[in-house]
Amino acid sequence: MWWQYCLVFLGALLFDIVPFPFLPAFTIMIFLQLVFDLNIWATICIGVAGSILGRYILTLYIHRISDTYFKPAKNEDIMFLGKKLKEKGWKSQIAIFSYSLLPLPTTPLFVAGGMAKITPLYIIPAFFAGKFISDTVALLIGEFALTNLNSLESNILSWKSAVGLVVSLFLLCALLFIDWRTLIQKKKFLLTFKIFKTKTDSD
């Protein structure tokens, strides 16, 4: 049954490697655990490992996308936010851990870290702790709730997942369109929608 666990690893990795809000990785883990009757603890450990690798890869390449498509001012804004996040020390670690406990896609967290070029090792330890706990709870609940294959789709694509996607999109929009330097330095809320490069910027 080793190949089923490979699917768990690859599924979690693919769900968490994308740079846009997607279903939380625990949804594919629940699906595969139920369909193949996998050991729940092996599924959790292997799935979380896939998620961590996916998020690690995301932080490595997301800044290349941002450098290509976003204006220098927006990249500098995100880097400023990332530096402020890192300056908070243990408070940032608690914030990352707390966010990872929520049943929300952690894409905005790693997009912010990657664009700000924060080393992944600064984010991953707290993310791993929160992710392991939240995925364990999700799979234990899923094992109990998803006993009827006929209701599998309606349970996985539930209102919770939909809310998670909406909240994640909102957080990404906040990350991209809020002028964070103005907010932090001048305590003034300002939205900037012209963040993408144009032909003029490229010349």
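Select Ser51 and Asp16 to begin: in this predicted model, the side chain of Ser51 makes a polar contact with the side chain of Asp16, at 2.9 Å. Ser51 belongs to helix H3. Is Ser51 buried or exposed? Its relative accessible area is 0%, so Ser51 is buried, the limit for that class being under 20%.

Next, display the residues around Ser51. Leaving aside residues up to four places away in sequence, Ser51 touches Ala12, Leu13, Asp16, Ala25, Phe127 and Lys131. Two of these names, Asp16 and Lys131, return in the following stops.

**Stop two: Asp16 and Arg55**

Keep Asp16 selected and add Arg55. The two residues form a salt bridge, in which the closest N and O atoms are 3.3 Å apart. Asp16 is found in helix H1 (residues 2–17) and Arg55 in helix H3 (residues 40–69), so that this pair links distant parts of the chain, 39 residues apart. Asp16 has a relative accessible area of 2% and is therefore classed as buried. Arg55 is likewise buried, because its relative accessible area is 1%.

**Stop three: Lys131**

Now add Lys131 to the selection. Which residue does the side chain of Lys131 meet at 3.8 Å, N to O, in helix H1? The partner is Asp16, and the contact is a salt bridge. Because Lys131 lies in helix H7 and Asp16 in helix H1, the pair ties together parts that are 115 residues apart in sequence. Lys131 counts as buried because its relative accessibility is 7%.

Select Asp135 as well. The side chains of Lys131 and Asp135 also meet in a salt bridge, with an N to O distance of 3.8 Å. Here both residues lie in helix H7, 4 residues apart, which is about one turn of the helix. Asp135 is buried, as is Lys131.

With these four residues displayed together, consider the arrangement as a whole. Asp16, Arg55, Lys131 and Asp135 are linked in a network of salt bridges. How many salt bridges does the protein have by this rule? The count is 3.

**Stop four: the surface of helix H7**

Remain on helix H7, but turn to the surface. Select Leu101, Ile133, Val137 and Ile141, which make a nonpolar surface patch of about 320 Å². Which helix supplies the largest share of this patch? Helix H7 (residues 120–145) does, with 3 residues.

Choose Ile133 from the patch for closer inspection; its place is in helix H7. Ile133 has a relative accessibility of 41% and therefore counts as partly exposed, a class lying between 20% and 50%. Lys131, in the same helix, may be shown beside it for comparison: Lys131 counts as buried, at 7% relative accessibility.

**Last stop: the whole protein**

Clear the selection and show the complete chain, coloured by secondary structure. The protein contains 11 helices and 0 strands. Followed from the N terminus, its elements run α-α-α-α-α-α-α-α-α-α-α.

Finally, display the surface of the entire model. The protein exposes about 11100 Å², and carbon and sulfur atoms supply 70% of that area. Of its 203 residues, 46% count as buried. Turning to contacts in the protein with a separation of 6 or more, residues 24 or more positions apart account for 79% of them. The salt bridge between Asp16 and Arg55, whose residues are 39 apart, and the one between Lys131 and Asp16, at 115 residues apart, may be revisited with this in mind.

How values were computed: Residues numbered from 1 in each chain as written. Predicted model: local features only at pLDDT ≥ 70, side-chain atom pairs only at ≥ 80, totals over all residues. Heavy atoms only, no water. Patch = residues over 30% accessible without salt bridge, like charges linked within 9 Å, V, L, I, M, F, W, Y side chains within 5 Å. Areas by Shrake-Rupley, 256 points an atom, 1.4 Å probe, with all protein chains shown as cover. Helix = DSSP H or I, 4+ residues; strand = E, 2+ residues; numbered from the N terminus. Buried < 20%, exposed > 50% of the residue type's maximum accessible area, 1.4 Å probe, protein only. Contact = heavy atoms within 4.5 Å. Polar contact = N/O pair within 3.5 Å; in protein donor to acceptor, adjacent residues only side chain to side chain.
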